[in-house]
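Welcome! Take a moment to turn the model around on your screen, then read on for a guided tour.

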Amino acid sequence: MKLLKDILYKSGITAVSGDTNVLINHIHFDSRKVNMDDVFVAVKGLTTDGHGYIEKAVGQGAKAIVCEMLPEVLVNGITYVEVKESQTALAMMASNFYGNPSKNLKLVGVTGTNGKTTVTTLLYNLFKKAGYKVGLISTIKIMVDDKEFPTSLTTPDSLTINEHLYKMSEEGVEFCFMEVSSHGIHQKRAEGLHFEGAIFTNLSHDHLDYHKTFAEYRDTKKKLFDNLSKKAFALTNVDDKNGLVMIQNTQAQKYTYALKSYADFRGQILERQFNGQLLKIDENELWTKLIGDFNAYNLLAIYATSDLLGLEKMEILQLISDLENVDGRFQYHISKKKITAIVDYAHTPDALKNVLTTINTLRTGNENVITVVGCGGDRDKSKRPVMGHIASEMSNQAIFTSDNPRTESPEVIIEEMEAGVEPQNVTKVLAIENRRQAIKTACKLAVPKDIILVAGKGHETYQETNGVRKEFDDFKEVKKALAELEK
């Protein structure tokens, strides 16, 4: 148990009713989890307001309430703490409760539209191969050295983050690599964390349903760098037009990487093949199993970060050459009849364009490219016609299908994608709502040497419709469909 007054350090208190010199068992922002002697933090969310559950939390045994506005009726024996912003208070309290664990290890945050999962996961894998105890907080999973924990958010809530950072600290983890999403930054989930450094990958059209404007989306990402200390490093991709914007106000030590521009860390693609590519990084050549310009940028960021964290350069190059693709990121399978199926998480216009550009760069020209793609429901609608345009323009055949429709109609989403198809490409497009059937159709249309791209879900192993998640794995589905056709 911890003293409430100690947990409240730097939480932005504006008023207190009751005694803060009391012992608290745990912190919760979900009233359903509150037990005796817990503190309940009332957070205003997108769909619910925690202030409406204060009475319930008290009834379940909460000893203290932290909120932005004190209730009209205060219960005797309960401590009420008013704060400027509950989300910030929750993050600071979580960090204090777990003893500020981010200060006990070297935490590196990675932000950007695309590449966050690849960069964090591969950094985790590289440092593990180098013999270190490492942590990972990513879209796919949380790793406390060798122990795996599930996660459903790119950047988990601040309690979850600090709980696992504490576990890492207890396990003697030296480095942790963490995805930092724009949602996570905006909702203050990373407040109070001590970052050793931060990496910017790129910025393109995404999450405008949440941030409303591209400028707001960009500026939210930028806050990660604005809050870095003088001792930290800020590493940015200067080939991206927003790369220098990210670091313009940071106090951290600034470093750049690029394939096209002058930078502190320079890379070059020398040779491309379907099984890998030859890169030159800082005048040294290396072969990597990861292909595409986007992966060249990812690997350059990984090289630069490893160097800034003190690894020896030749060791880094050797370790990079051994890295494997992250699940659902340009993950490919070649069937018995030499049909290549590629599964990729590309769910933004820029990511889809990058993957299709890579495929079209590698093909000889005689193969057909068949793209199966959809757009998620309850998300940024403005990118749907753009995704439709890119898929139809850059493929010989495009099949528009369902991709986590959530509470929206899959048919309406597909129609909005079709709105972006140019007249000359209309005959190249099929609409098949059922994702399994869409994948099967792509496999039936393919002939030897053709390339099938199944985009949008990548590592996800479910399909979400009206709040229900059913098991669905793109990679398994496409392999199964090809195998059945080739019996």
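## A helix to start with

Let us begin with helix α4, which covers residues 116-129 of this predicted model. With 14 residues at 1.5 Å a residue, α4 should span 20 Å, and its end C-alpha atoms are indeed 20 Å apart, so expectation and model agree.

Is α4 largely enclosed or largely open? Of its 14 residues, 11 are buried, so the rest of the structure largely encloses this helix. The buried residues of α4 include Val119, Leu122, Leu123, Leu126 and Phe127, along with Lys116 and several threonines. After α4 comes Gly131, which has a positive phi near 100 degrees.

## A second helix for comparison

Now look at α8, with its 13 residues. From first C-alpha to last, α8 reaches 18 Å, close to the 18 Å expected at 1.5 Å a residue. An α-helix has 3.6 residues a turn, so residues three or four places apart point the same way. Keep that in mind as you find the buried residues of α8: Tyr217, Thr220, Lys221, Lys222, Leu224 and Phe225.

## Stepping back to the whole protein

How many helices and strands does the protein have? There are 16 helices and 26 strands. The radius of gyration is 24 Å, close to the 23 Å that the globule rule gives for 487 residues, so the protein is as compact as a globular protein of that length. Along its principal axes, the C-alpha trace spans about 75 × 50 × 40 Å.

Of the 487 residues, 55% are buried. The accessible surface comes to about 20900 Å², and carbon and sulfur atoms account for 47% of that surface. There are 59 positive and 64 negative charges, and the mean positions of the two sets are 2 Å apart. Among contacts between residues at least 6 apart in sequence, 64% join residues at least 24 apart.

## Two buried isoleucines in strands

Strand β13 (residues 195-200) holds Ile199. With a relative accessible area of 0%, Ile199 is buried. Which residues does Ile199 touch, beyond those up to four places away in sequence? Among them are Val119 and Leu123, both of which are buried residues of α4. Ile199 also touches Phe225, a buried residue of α8, so you can use this isoleucine to connect the two helices you have just met. Other partners of Ile199 include Val108, Leu235, Tyr257 and Ala301. Thr256 lies 57 residues from Ile199 in sequence, while their C-alpha atoms are 9.6 Å apart in space.

Ile65 sits in strand β6 (residues 64-67), and at 0% relative accessibility Ile65 counts as buried too. Leaving out residues up to four places away, Ile65 touches Val39, Phe40, Ile54, Ala57, Val58, Ile78, Thr79, Tyr80 and Val81. The C-alpha atoms of Ile65 and His51 are separated by 9.7 Å, with their positions 14 residues apart along the chain.

## Loops, buried and exposed

Val22 is found in the loop between β2 (13-17) and β3 (23-24). Its relative accessible area is 17%, so Val22 is buried, since the cut-off for buried is under 20%. Outside its neighbours within four places in sequence, Val22 is in contact with Lys2, Leu3, Leu4, Lys63 and Thr79. Val22 and Lys2 are 20 residues apart along the chain, and 8.1 Å separates their C-alpha atoms.

Is Lys230 buried or exposed? Lys230 is exposed, with a relative accessible area of 61%. Look for Lys230 in the loop between α8 (214-226) and β14 (233-237). Leaving aside neighbours within four places in sequence, Lys230 is in contact with Gln251, Ala252 and Gln253. Lys230 and Ala252 are 22 residues apart in sequence, yet 4.4 Å apart in space from C-alpha to C-alpha.

## Two backbone angles to notice

Most residues other than glycine have a negative phi. Asp282, however, has a positive phi near 50 degrees. Asp282 belongs to the loop between β17 (276-281) and β18 (284-288), where Asp282 is partly exposed, with a relative accessible area of 23%.

Phe330 is not a glycine either, and has a positive phi of about 45 degrees. Phe330 lies in the loop between α11 (313-321) and β19 (331-334). Where Asp282 is partly exposed, Phe330 is buried, with a relative accessible area of 0%.

Methods
Residues numbered from 1 in each chain as written. Predicted model: local features only at pLDDT ≥ 70, side-chain atom pairs only at ≥ 80, totals over all residues. Heavy atoms only, no water. Helix = DSSP H or I, 4+ residues; strand = E, 2+ residues; numbered from the N terminus. Rg over C-alpha atoms; globule rule 2.2 N^0.38 Å. Buried < 20%, exposed > 50% of the residue type's maximum accessible area, 1.4 Å probe, protein only. Contact = heavy atoms within 4.5 Å. Areas by Shrake-Rupley, 256 points an atom, 1.4 Å probe, with all protein chains shown as cover. Lys, Arg positive; Asp, Glu negative; His and termini not counted. Charge placed at Lys NZ, Arg CZ, Asp CG, Glu CD. Expected span 1.5 Å × (residues − 1).
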